[in-house]
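Please open the structure in a viewer and follow the stops below in order. Each stop names a selection and states what is found there.

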Amino acid sequence: MSFDLLAPHYRWMEAILAGDKIQRCRVHFLDSVSNCRRALLVGEGNGRFLGECLKKMPHAQFTVVDASEKMLEQARRRCGGDSRINYVRAQLPGAHLPKNFDLIVTNCFLDCFDERQLPTVVNELADCATDSAIWLVTDFCVPKTGWAKWRAKMVLAAAYSFFQVATGIPARRICAPDPFLVQNGFRFIDRIEADAGLIYSSIWKRSAS
Ligand SMILES: C[S@@+](CC[C@H](N)C(=O)[O-])C[C@H]1O[C@@H](n2cnc3c(N)ncnc32)[C@H](O)[C@@H]1O
């Protein structure tokens, strides 16, 4: 699995295929996490979200994890060598990441995993989170009914066919992470949707109770 080939093209492909819809979802809950101090951005890709975080979270440290060196290069180019950023090249599951993050962010990352790997990856990231951490998820989903359901199915079938060939990701279809977040003590707080329900962003919070 590697996004190296796609890395230089990722930005313009997103612009053509989705305009600004995904980015608006990525940053939607940023004001709600501006007090976080230790953020883990996993599968961050080309650093577009990281760039916004640097502006909105001036006191936070960022650990930016990605399996693709070329994606990390793009992120470094976009965000520079800010001393608050620690770039880590690592592949999940089995990445042995640092711990005690009060913010976990997975933007269009959990959709790379199949039903077998997804719970392992969510468990691994939850192990890196504090007892009161926030988790932001932006990803794709299939609406429950109507034309939007069939449209989403077609769009995602085409997208997965492309990404399997271009990157070799294990996933064949979208798999919601929600039950695995709940199993790890995260409580659903809020969610927004875009593009007729195809894209969403959700915010989760862990609490002792
Ligand atoms: C679909 S891209 C999403 C990039 C960006 N976060 C976004 O919102 O567009 C998935 C990213 O996750 C990384 N990735 C995919 N599978 C991974 C894995 N098993 N471990 C670490 N990074 C992975 C890829 O290199 C890529 O940068």
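**Strands 5 and 7.** Select strand 5 (residues 129–140) together with strand 7 (residues 199–206); the two pair in the antiparallel sense over 7 bridges. The model on display is a predicted one. Within this pairing, choose Ile134, whose bridge partner in strand 7 is Lys205.

**The whole sheet.** Now extend the selection to the open sheet of 7 strands, which runs in the order 3-2-1-4-5-7-6 with mixed pairing. At its edges are strand 3 (85–89) and strand 6 (186–194), each of which pairs on one side only. From one strand to the next, the twist averages 15 degrees. Add helix 3 (residues 48–56), which packs on the sheet and touches strand 1 (38–42), strand 2 (61–66), strand 3, strand 4 (101–107) and strand 5. The direction of helix 3 makes about 175 degrees with that of strand 2.

**Thr106.** Move to strand 4 and select Thr106. Is this residue, Thr106, buried or exposed? Thr106 counts as buried because its relative accessibility is 0%, the cut-off for that class being under 20%. Leaving aside residues up to four places away in sequence, Thr106 touches Val42, Leu125, Trp135, Leu136, Val137 and Thr138.

**Ala194.** Go next to strand 6 and select Ala194. Ala194 is buried, with a relative accessible area of 17%. Its contacts, not counting residues up to four places away in sequence, are Cys25 and Ile199. Display Arg24 as well: Ala194 and Arg24 are 170 residues apart in sequence, yet their C-alpha atoms are 8.8 Å apart in space.

**Ala196.** Continue into the loop between strand 6 and strand 7, where Ala196 lies. Phi of Ala196 is near 55 degrees, a positive value in a residue other than glycine. Most residues other than glycine have a negative phi, and most peptide bonds are trans. Ala196 is partly exposed, with a relative accessible area of 37%.

**The loop between strand 3 and strand 4.** Select Pro93, which is placed in this loop. The peptide bond joining Leu92 and Pro93 is cis, with omega about -5 degrees. In the loop between strand 3 and strand 4, select His96 also. Phi of His96 is near 50 degrees, which is positive although the residue is not glycine. His96 counts as exposed, at 75% relative accessibility.

**Salt bridges.** Turn now to charged side chains; a search of the whole structure finds 12 salt bridges.

- Select Glu73 and Arg77, which form a salt bridge with their closest N and O atoms 3.9 Å apart. The two residues are separated by about one helical turn because they are 4 residues apart in helix 4 (residues 69–79). Glu73 counts as partly exposed at 31% relative accessibility, whereas Arg77 is exposed, with a relative accessible area of 60%.
- Select Arg84 and Asp82, whose side chains meet in a salt bridge at 3.5 Å, N to O. Arg84 is buried, with a relative accessible area of 15%, while Asp82 is partly exposed, with 26%.
- Select Glu115 and Arg173, whose side chains meet in a salt bridge at 2.8 Å, N to O. Which parts of the chain does this pair link? Glu115 is in the loop between strand 4 and helix 5 (118–126), and Arg173 is in the loop between helix 6 (146–167) and helix 7 (178–183). The pair thus links distant parts of the chain, 58 residues apart. Glu115 counts as partly exposed, at 40% relative accessibility.
- Select Glu14, Asp20, Arg26 and Arg48 together; these residues are linked in a network of salt bridges.

**A nonpolar patch.** For the final stop, switch to a surface view and select Trp12, Ile16 and Leu17, which make a nonpolar surface patch of about 400 Å². Ile16 is found in helix 1 (residues 10–18). Ile16 counts as exposed because its relative accessibility is 62%, the cut-off for that class being over 50%.

Notes:
Residues are numbered from 1 along each chain as its sequence is written. This is a predicted model: local features need pLDDT of at least 70, side-chain atom pairs count only at pLDDT 80 or more; totals for chains, interfaces and linings use all residues. Side-chain values use heavy atoms; hydrogens and water are left out. Patches are made of residues with over 30% relative accessible area and no salt bridge: like charges are joined within 9 Å, nonpolar side chains (Val, Leu, Ile, Met, Phe, Trp, Tyr) within 5 Å. Accessible areas come from the Shrake-Rupley method with a 1.4 Å probe; for residues, only the protein chains shown count as cover. A salt bridge is a side-chain nitrogen of Lys or Arg within 4 Å of a carboxyl oxygen of Asp or Glu. Buried means under 20% relative accessible area, exposed over 50%, partly exposed in between (1.4 Å probe, protein chains only). Two strands pair if DSSP finds at least two bridges between them. Axes are lines fitted to C-alpha atoms, for helices over the stretch in contact, and angles run from 0 to 180 degrees between N-to-C directions. Contact means heavy atoms within 4.5 Å.
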